[in-house]
Amino acid sequence: MFPNLEVEQDRHGHSDSYVAGKLGISLQEYRLGKESGAFLASEALMLAGMYDKPAEYLFQTGALR
């Protein structure tokens with residue numbers, strides 16, 4: 001799970017189905033990607049653009065120290 005992606009998605013009021021549609025993938029594929037990180041590079045870049053955040057930030061796991 002990617003907490004930063006979840007936070008940004010919630011902050012923008014985007015549902016999983018909305019984001020999946022923007023990426024051109026199914027809702028199931030999007031949810032699987034959120035769980036496993038199985039996004040194509042092009043999808044990760046689209047998410048970074050949607051949320052105006054670096055992909056490294058969106059897909060960071062765990063807490064920073």
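This passage walks through the salt bridges and the nonpolar core of the structure shown above. The model is a predicted one, and residues are counted from 1 along the chain.

Charged pairs make a handy starting point. Side chains of opposite charge can pair when their charged atoms come close. Here, that gives four salt bridges in the structure. One of them brings together the side chains of Glu6 and Lys34, with N and O 2.5 Å apart. This pair ties distant parts of the chain to each other: Glu6 sits in helix 1 (residues 3-11) and Lys34 in helix 3 (residues 27-36), 28 residues apart. As for how covered the two partners are, Glu6 has 21% relative accessibility, so it counts as partly exposed. Lys34, at 7%, counts as buried.

Another bridge stays within a single helix. Glu8 pairs with Arg11, and their closest N and O atoms are 2.8 Å apart. Both residues belong to helix 1, where a spacing of three residues amounts to about one turn of the helix. The two ends of this bridge have quite separate surroundings: Glu8 is buried, with a relative accessible area of 1%, whereas Arg11 is exposed, with 55%.

Then there is the bridge between the side chains of Arg31 and Asp16, at 3.1 Å from N to O. It, too, links distant parts of the chain, with Arg31 in helix 3 and Asp16 in helix 2 (residues 16-23), 15 residues apart. Arg31 is partly exposed, its relative accessible area being 46%, while Asp16 is buried at 16%. Through shared partners, salt bridges join Glu6, Asp16, Arg31 and Lys34 into one network.

Away from the charges, the next topic is the nonpolar core. The largest such core has 15 residues, and the members touching the most others are Leu5, Leu23, Tyr30, Phe39, Leu47, Leu58 and Phe59. Two or more residues come from each of helix 2, helix 4 (41-51) and helix 5 (55-58). Helix 4 is the top contributor, giving four residues to this core.

Leu58, one of those well-connected core members, deserves a closer look. Leaving aside residues up to four places away in sequence, Leu58 touches Phe2, Asn4, Leu5, Glu8, Leu47, Ala48, Tyr51 and Lys53. Among these neighbours, Leu5 and Leu47 also appear in the list of core residues that touch the most other members. Glu8 is on the contact list as well, and this is the buried residue that forms a salt bridge with Arg11.

Definitions and conventions: This is a predicted model: local features need pLDDT of at least 70, side-chain atom pairs count only at pLDDT 80 or more; totals for chains, interfaces and linings use all residues. Side-chain values use heavy atoms; hydrogens and water are left out. Buried means under 20% relative accessible area, exposed over 50%, partly exposed in between (1.4 Å probe, protein chains only). A nonpolar core is a set of buried Ala, Val, Leu, Ile, Met, Phe, Trp, Tyr and Cys residues joined through side-chain atoms within 4.5 Å. Contact means heavy atoms within 4.5 Å.
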